[in-house]
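Work through the exercises below with the model open beside you. Try each task before reading its solution.

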Amino acid sequence: MRMWRWLALSLGLLLPAACGHNNSVPQVTPVAATMCGNGSNLMPPSLLPNPGPNFRLLEVVGSAAGLDGPMDLQAPPNDSRLFIAERPGRICIVQNGALLSTPFLDISSRVTIQGEAGLLSFAFDPQYPTSGFVYVHFIENIPGTTGDIVVERYEVSSNPNLLDLSTVQAVIRIPHRDANNHYGGRVAFGPDGMLYLSAGDGGGGNNQFMHAQDAASHLGKLLRIDVSALPYAIPPDNPVWPGVGRNENWAIGLRNPFRYAFDAGQLYIADVGQDQREEIDVVSASASGLNYGWSIMEGTLCLAIGGPCTTPGLTAPVYDYDHGGGRCAIIGGYVYRGAAIPALQGKYLFSDLCTGFVRSLSLQNNIATVSEEPNANVGTPFSFGQDGSGELYVLTADNRVLKIVSP
């Protein structure tokens with residue numbers, strides 16, 4: 001029951017059906033948005049000590065600003081604003097160095113934060129400048145459906161810093177009511193224009209609900225859907241699963257793929273392990289129908305839960321690491337494509353929830369080379385983020401936003 005157990009304790013915090021074209025949205029009476037932060041001005045950005053050879057960490061939002069559980073940071077291409085999702089259900093904006101008090105979106109009345117739940121991610125439509133669409137991914141807090149993984153679409157209002165609550169449209173719902181962990185965690189558009197969603201295996205331990213290897217279930221999967229019109233469509237080139245047929249599932253055999261990223265025709269998945277291994281999978285972004293092995297394998301180790309350890313047909317990670325030295329759960333990031341740090345170009349950055357290292361991974365002939373940035377530690381990372389210029393950030397448990405900058 002890893003990934004967020006440690007996190008849940010640190011925060012003082014203490015399920016299976018197929019999903020289809022469910023487009024009902026609970027009626028929500030718009031209320032006055034709660035404030036982002038505590039109303040104080042942001043302190044000037046400050047460099048943290050101990051630079052590494054490749055980058056330094058610049059604190060652009062300090063804990064005194066009052067963010068509440070920052071979980072995701074995104075921006076449309078070439079947009080100078082930073083959009084920051086808070087776990088309780090708000091998206092806040094940093095503009096011109098100030099944290100705006102009015103949220104871009106506030107759906108906190110509908111978001112549960114039990115266990116690993118919350119507002120986990122969001123994505124701007126590839127045509128956002130003309131469509132105005134934003135896709136929001138959260139865990140629901142509605143009697144009878146609490147715990148469900150939900151994605152909804154909103155449209156920006158006449159105010160570019162405010163989404164219009166009345167435009168909400170359901171995209172997809174995945175029932176997840178048996179445990180409050182392993183939700184996965186990211187919604188994002190791929191280079192093919194399709195919308196992808198990572199979903200955890202349903203929670204508990206040892207894949208106890210046996211979803212990950214069940215191609216009919218949407219838990220323990222990477223999903224791919226066409227949202228060019230709603231209700232969504234299943235792309236005709238999605239894989240056909242034996243005994244199941246074609247559905248939303250693009251890949252199976254994942255445990256808790258909290259973060260993934262696309263880059264240069266490749267897909268990077270950071271899949272959180274259980275008790276022994278944390279893994280990174282890197283494949284062609286067009287490779288469909290893959291099985292990443294959970295819970296037959298945990299990383300490169302044999303578990304043989306749900307089937308014998310016969311590895312043919314399973315996609316092995318390009319890199320995994322153990323839990324020595326207090327390591328506990330991988331926090332996946334992005335391949336760096338910004339302009340400020342040439343030494344990081346093409347390298348995939350990631351961290352660990354419990355130790356806060358920053359490592360980079362590069363691939364050549366499918367062989368991974370991993371290095372750890374000396375002296376760079378982000379404390380307890382919640383997530384990485386990426387701005388409209390491709391520069392990278394780390395969001396932390398003590399409510400800071402750290403920008404990765406040139407040394």
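**Exercise 1. Locate Asn375 and describe its backbone and its exposure.**

Step 1. Asn375 is found in strand β28, residues 367-377. Strands here are DSSP runs of E with at least two residues, helices are runs of H or I with at least four residues, and both are numbered from the N terminus.

Step 2. Turn to the backbone. Phi of Asn375 is near 70 degrees, a positive value in a residue other than glycine.

Step 3. Now the exposure. Asn375 counts as exposed, at 55% relative accessibility. Exposed means over 50% relative accessible area, buried means under 20%, and partly exposed lies in between, with a 1.4 Å probe and protein chains only.

A note on the source: this is a predicted model, where local features need pLDDT of at least 70, side-chain atom pairs count only at pLDDT 80 or more, and totals for chains, interfaces and linings use all residues. Residues are numbered from 1 along each chain as its sequence is written, and side-chain values use heavy atoms, with hydrogens and water left out.

**Exercise 2. Describe the chain as a whole.**

Step 1. Take the secondary structure. The chain has two helices and 31 strands.

Step 2. Test how compact the chain is. Its radius of gyration is 20 Å, close to the 22 Å of the globule rule for 407 residues, so the chain is as compact as a globular protein of that length. The radius is taken over C-alpha atoms, and the rule is 2.2 Å times the number of residues to the power 0.38.

Step 3. Add the box. Along the principal axes, the C-alpha atoms fill roughly 55 × 50 × 40 Å.

Step 4. Look at burial and surface. Of the 407 residues, 58% count as buried. The chain exposes about 15,200 Å², and carbon and sulfur atoms supply 52% of that area. The area comes from the Shrake-Rupley method with a 1.4 Å probe.

**Exercise 3. How many aromatic pairs does the structure hold, and how are two of them arranged?**

Step 1. Count them. The structure holds 15 aromatic pairs. Rings of Phe, Tyr and Trp (its six-membered ring) pair if their centres lie within 6.5 Å; planes under 30 degrees apart count as stacked, over 60 as edge-to-face and the rest as tilted.

Step 2. Take Phe124 and Tyr128. Their centres are 4.9 Å apart and their planes stand at 75 degrees, an edge-to-face pair. Both Phe124 and Tyr128 are buried.

Step 3. Take Tyr319 and Phe350. The ring centres lie 5.9 Å apart and the planes are at 55 degrees, so this pair is tilted. The pair links distant parts of the chain: Tyr319 is in strand β24 (residues 319-322), Phe350 is in strand β26 (residues 348-352), and they are 31 residues apart. Tyr319 and Phe350 are both buried.

Step 4. Widen the view. Ring pairs link Tyr268, Tyr319, Tyr321, Tyr348, Phe350 and Phe357 into a cluster.

**Exercise 4. Which rings lie under Arg255 and Arg359?**

Step 1. Start with Arg255. Its charged end sits over the ring of Trp294, 5.5 Å from the ring centre. A charge sits over a ring if NZ of Lys or CZ of Arg is within 6 Å of the ring centre and within 35 degrees of the ring normal.

Step 2. Go on to Arg359. Arg359 lies over the face of Phe357, at 4.0 Å from the ring centre.

**Exercise 5. Follow the loops around Ser295 and Gln208.**

Step 1. Place Ser295. Ser295 is in the loop between β21 (290-291) and β22 (297-298). Ser295 counts as buried, at 0% relative accessibility.

Step 2. Check the bond before it. The peptide bond from Trp294 to Ser295 is cis, with omega near 5 degrees.

Step 3. Place Gln208. Gln208 lies in the loop between β13 (195-199) and β14 (221-225). Gln208 is partly exposed, with a relative accessible area of 47%.

Step 4. Relate the two. Gln208 and Ser295 are 87 residues apart in sequence and 9.5 Å apart in space, C-alpha to C-alpha.

Step 5. Finish with Asn207. Asn207 is found in the loop between β13 and β14. Asn207 counts as buried, at 1% relative accessibility. Phi of Asn207 is near 50 degrees, a positive value in a residue other than glycine.
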